[in-house]
Structure formats: C-alpha cells, structure tokens
Amino acid sequence: MISVGIDIGSITTKIAMMDRDKLLYSDVGFSGYDMGKAWRNLFDRMLERTGRTEAAIDCIVSTGYGRKSVTPAHKQITEITCHAAGARYFFPKVRAVIDIGGQDSKCIAVDENGDVSDFVMNDKCAAGTGRFLEVMARALEVDLADFAALSKKAKRPVLISSMCTVFAESEVISMIARGERRENIIAGIHDSIASRMVSMMNRTGVIKPLVMTGGVSKNPGMRWAIEKKVGMTLHVPEKAQACGAIGAAILATR
C-alpha cells in the first residue's frame, strides 16, 4: 500500500511517501503565500523522483495549518497525532514529544500503545518558536545556523525577561547597545525558550524517552538548553522536520 502524508506549516511544507511501514521518500520546501502551489510542487517532484504516478497512491492524509488546501487528501488529521506517529516511527518506545515549529510549539504525552494521552500547545503567539529565533537572529545580525556554535562559547548567558517576540527583540537590541556579547545573548535566548518548553512539559508529564521534532530541532544549541533544563537526553529523528508528514503517511496506511 502506497500512502502519502503532507504537512503544511506556516513556514515550511513537508511531504512523505510510505510503502506500508517503509519510508520511501520525504522532502521539505517553503510554504510561501500560495500553500496550494507549495504542496503541489513538492508532490510533483516526489512523483518524478520516485517514478510513481498519482494513480498508484492509495491514500493521502494532510495535516498542519494548511491541510485544507490539499484537495486530493482522503482525510485530514491534527498535527498532534501525526507528530506522535512520526516520532514513534523512529523511536518506538517514545513517551513524550516536543515539537517546535515555525509559529507554534507543542508538548505531547504518548502512552504505551503509541496514542496521544495529553498535550499542551502554544499557537497564540510566536514566543519560543522558529519565527522567534529568526527575529532574534536578525536583531543580532547573525546567521541562525551559527546560533549553536556561538551559544556554546557563552561565558555568562544573559536573562531574557520577555518571551513576547516584539518585547524580546527590543530587549536584545538594548543589550547590544550596552555592549553585551552576542554569544551570551544567544545562550540567554536558548535558555528562555527551554524554560518555556519545560513549563509546558510539566503540564503533560515528562517521561523518557523524550523525542524532539520540528525544524528547531536542527539547532543543537536549543537541544542542549532543553536537555540541561529537563535533565534527560533528547532523541532527535533523522528526519525530524518531516515527522508530521511521515506520521500522516503512516496513519494513512491504517
């Protein structure tokens, strides 16, 4: 059975193809203004690269903010369920999932059967998300890809008192004006996001093994900060950013 999962987020769109329990293909692209065009471009590229035809696909499941734009989808499933299923594909014993995406963050508790037992989600503001980090990188005039290396050099992480993106940006600009070192500010940014995530995790229960998904998982500095706060190892799937799409494809097989 060939199934496809499409996860349309606020910043990126992800796609995955499964043949029952085997991952055949995954890809990531920008969502942009036209989400319908974004998923279709990824879909066409997937067919070309896998040598499959659309008619050969048995089921398509869509998830994420733009899931309704995937008109051929047989079903739409919440990203909470899809990320849990995707994390379990890579780590079958997962009991908790942290997902930090472009404009929201989630903490998901998973029971022994792999089903979602509880979750907390922040989707009301960009605090502690990928967009938040992008704004901070722009204020610091640092490439986001360099955040991890710089934060590791920090001697004294500063306290970021506000998690509101607008106020935090103003706070960071004030620190720059005072001559605070970039690495200390970046480490402080990571610490503030980690504290927010741990607070969310405490509401669902922090149980090992703990898996991190989403685009922000590619930032080692962010992972280190969360591990330090929670006191346990974070497992990151090989294709962490595409976990929602992979989970959607897995659920499509059912």
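## A look at helix α6, D27 and the overall fold

Just after helix α6, G205 adopts a positive phi of about 100°. This is a predicted model, so please read it in that light.

Let's stay with the helix for a moment. Helix α6 covers residues 182-204, and its 23 residues should span 33 Å at 1.5 Å a residue; the C-alpha atoms at its ends lie 34 Å apart, which agrees.

Now to D27, which sits in strand β3 (residues 22-30). Is D27 buried or exposed? With a relative accessibility of 12%, D27 counts as buried, because the cut-off for buried is under 20%. Its side chain makes a polar contact with the side chain of Y25, at 3.1 Å. Leaving aside residues up to four places away in sequence, D27 touches T13, K14, I15, L42, R45 and R49.

Stepping back, the protein contains eight helices and ten strands. Its radius of gyration is 19 Å, close to the 18 Å that the globule rule gives for 254 residues, so the protein is as compact as a globular protein of that length. Here are some figures for the whole protein:

| Property of the protein | Value |
|---|---|
| Box filled by the C-alpha atoms, along the principal axes | roughly 60 × 40 × 30 Å |
| Exposed area | about 11800 Å² |
| Part of the exposed area supplied by carbon and sulfur atoms | 49% |
| Residues that count as buried, of 254 | 54% |

Finally, a word on contacts along the chain: among those between residues at least 6 apart in sequence, 64% join residues at least 24 apart.

Technical notes: Residues numbered from 1 in each chain as written. Predicted model: local features only at pLDDT ≥ 70, side-chain atom pairs only at ≥ 80, totals over all residues. Heavy atoms only, no water. Helix = DSSP H or I, 4+ residues; strand = E, 2+ residues; numbered from the N terminus. Buried < 20%, exposed > 50% of the residue type's maximum accessible area, 1.4 Å probe, protein only. Polar contact = N/O pair within 3.5 Å; in protein donor to acceptor, adjacent residues only side chain to side chain. Contact = heavy atoms within 4.5 Å. Expected span 1.5 Å × (residues − 1). Rg over C-alpha atoms; globule rule 2.2 N^0.38 Å. Areas by Shrake-Rupley, 256 points an atom, 1.4 Å probe, with all protein chains shown as cover.
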